[in-house]
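Q: Please take a close look at one part of this protein. I would like to see how its main nonpolar core is put together.

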Amino acid sequence: MATARSPRAGEGVPELVVRVEDTDGQSTVEYTFTQSPVRIGRSARNDLSLPHRFVSASHAVVEFTRHERRYTDLGSTNGSVLDGAQLIPRVAVPLEPGAVLSIGSLRVTFPSPAARAPTCGAAGDVEAPPAPIRPGGITAVMQQIARAPTLEQEWQDVLFPGSVIGRFELVREIGRGSFGVVFEAEDRQLRRRVAFKAVRPGRNSQVQLRQEQMQKEAEAIAQLAHPNIVTLYDAGTCQSGPYLVLELLRGETLYETMRRGRVELARALEIAIEIAWALEHAHGAGVVHRDLKPANVFVCASGTVKVLDFGIASVLGGGDVRAVGTPAYMAPEQWRMGAQDPRTDVFAAGAILCELVTGRLPYRVTRDTSAVLEPGARPRVEGPDVPEELQVLLRGALSPRPADRPRDGAAWLAALLALQERLDRPGRVEPSRAGKIRRWVGEWRLVIAAAGVTAAVGGLLYQLFR
């Protein structure tokens, strides 16, 4: 039995049991999930990894709530059959009780979950799931930040390893920046490790507080719950000021991964797809990140990719809302301090993918300007191992004109999944022009070499039999 559990398991989300029977190999495995959505595919980065050649790298997704379950084929090569009917790609269909799904030789069913005893802590107390942040909770924190003076010494005197803030005991400092400081902490009530982010207070946050839209967005951010977005557990204030409590991650940022060298194409696409899953969810909730960059993408030790700081740092950290963004990944509308929408995030996601596969940024950039602002700007997306189809996709995502980019995270995700599917089919994707030239040169070298061997053999036979 394999189980995947969400940090918020139990908050109105039932278990999804998936039974996979290999009719060729005569084997059956049962999986249990408490986190929606469940991604199915051959890639090990899926929630349910099925290592069969007829299963596509990203084959399908199952979404479930307490009241319904839906299955969507993501445009897989061999398709999915539900109760004997071939499914239309990218169309969600309900999974009724007793539904039988076929993927190649695999028979997939969804039995009702067995009754399970509640999980207990060491003292025998039933472990209660964390309550979701109440509506208005983030706004209350913002108001506290705006009112509080900046008392640096007093703030630091309260925050140190071993101190107890409410039910959280600070264990060790793991990060520090202009926003404040982050500790690994023990949640003594739920007996788990968390990240405790103490936000530096100050009157300059009133700039943010006056932005009603930013308050609304902060509330939406607090409700985001997705496997590819770091989970915000709690927010509040204490003697040291306001704080956030987040999921504690083990691993490294994508920035640190990239510093060690180039990432192979297949893995780069998987990372881009997981970022796109996060953007799809956030954009669907009306949230735009605005500062997507490798330092805000975390690669967990398990391989899962999570997007950090979905607007929380910029909303709570003070300063001018117009200044949000990191130069290397900023869309032209950010440079011009214009209107920003999901296509702004798509630009940053495209820049990250471009840097992953080419080893460089798509536009020359300094702290003060970017080549994306120049007339006729065109991104540099070419590379010896970058397929032509990927180059076309990147040019669209990195267009200076927002209207030319995929409209949001959902459209960007669909494009990436379609590309991954085509790359997954041998011989379907043509290499770049440079790759074609190298292939043609190699073929002609073989022809010339073969001709030389033929001539040499002919000469030898002539000498022997003349």
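A: What follows goes from the whole chain to the core and its helices. The model is a predicted one.

First, the setting. The protein has 466 residues, and 48% of them are buried. Its secondary structure amounts to 12 helices and 21 strands. Among contacts with a separation of 6 or more, 60% join residues 24 or more positions apart. The accessible surface is about 22600 Å², with 53% of it belonging to carbon and sulfur atoms.

Now the core. The largest nonpolar core holds 56 residues. Those that touch the most other members are Ile275, Leu292, Phe310, Leu353, Trp412 and Leu416. Several elements each supply at least two residues of this core. The helices are α5 (254-259), α6 (265-284), α9 (342-358), α10 (388-397) and α11 (409-423). The strands are β20 (297-300) and β21 (305-307). Helix α6 gives the most, with 11 residues.

Another core lies apart from this one. That second core has 24 residues, including Tyr31, Leu87, Ala99 and Leu101.

Back in the largest core, take Leu292. Beyond its neighbours within four places in sequence, Leu292 contacts Ile275, Leu279, Val297, Val307, Tyr329, Asp345, Ala348, Ala349 and Ile352.

Next, the pairing of α6 with α9. Their axes come within 10 Å and cross at roughly 170°. Angles over 145 degrees count as roughly antiparallel. The two helices are therefore roughly antiparallel to each other. From α6, the residues at the contact are Leu265, Ala268, Ile271, Ala272, Ile275, Leu279 and His283. From α9, they meet Pro342, Asp345, Ala349, Ile352, Leu353, Leu356 and Val357. By class, this contact has 12 nonpolar residues, one polar and one charged. A general point helps in reading such lists. An α-helix has 3.6 residues a turn, so residues three or four places apart point the same way.

Helix α10 also belongs in this picture. Its buried residues are Leu390, Gln391, Leu393, Leu394, Arg395 and Ala397. The buried residues of α10 pack against α6, α9 and α11.

To recap, α6 is the leading contributor to the largest core, with 11 residues. Helix α6 also meets α9, and the buried residues of α10 pack against both α6 and α9.

Conventions. Residues are numbered from 1 along each chain as its sequence is written. This is a predicted model: local features need pLDDT of at least 70, side-chain atom pairs count only at pLDDT 80 or more; totals for chains, interfaces and linings use all residues. Side-chain values use heavy atoms; hydrogens and water are left out. A nonpolar core is a set of buried Ala, Val, Leu, Ile, Met, Phe, Trp, Tyr and Cys residues joined through side-chain atoms within 4.5 Å. Buried means under 20% relative accessible area, exposed over 50%, partly exposed in between (1.4 Å probe, protein chains only). Helices (H or I, at least four residues) and strands (E, at least two) are DSSP runs, numbered from the N terminus. Contact means heavy atoms within 4.5 Å. Accessible areas come from the Shrake-Rupley method with a 1.4 Å probe; for residues, only the protein chains shown count as cover. Axes are lines fitted to C-alpha atoms, for helices over the stretch in contact, and angles run from 0 to 180 degrees between N-to-C directions. Angles under 35 degrees count as roughly parallel, over 145 as roughly antiparallel, 65 to 115 as roughly perpendicular and the rest as oblique. Ala, Val, Leu, Ile, Met, Phe, Trp, Tyr, Cys and Pro count as nonpolar, Asp, Glu, Lys and Arg as charged, and the others, Gly among them, as polar.
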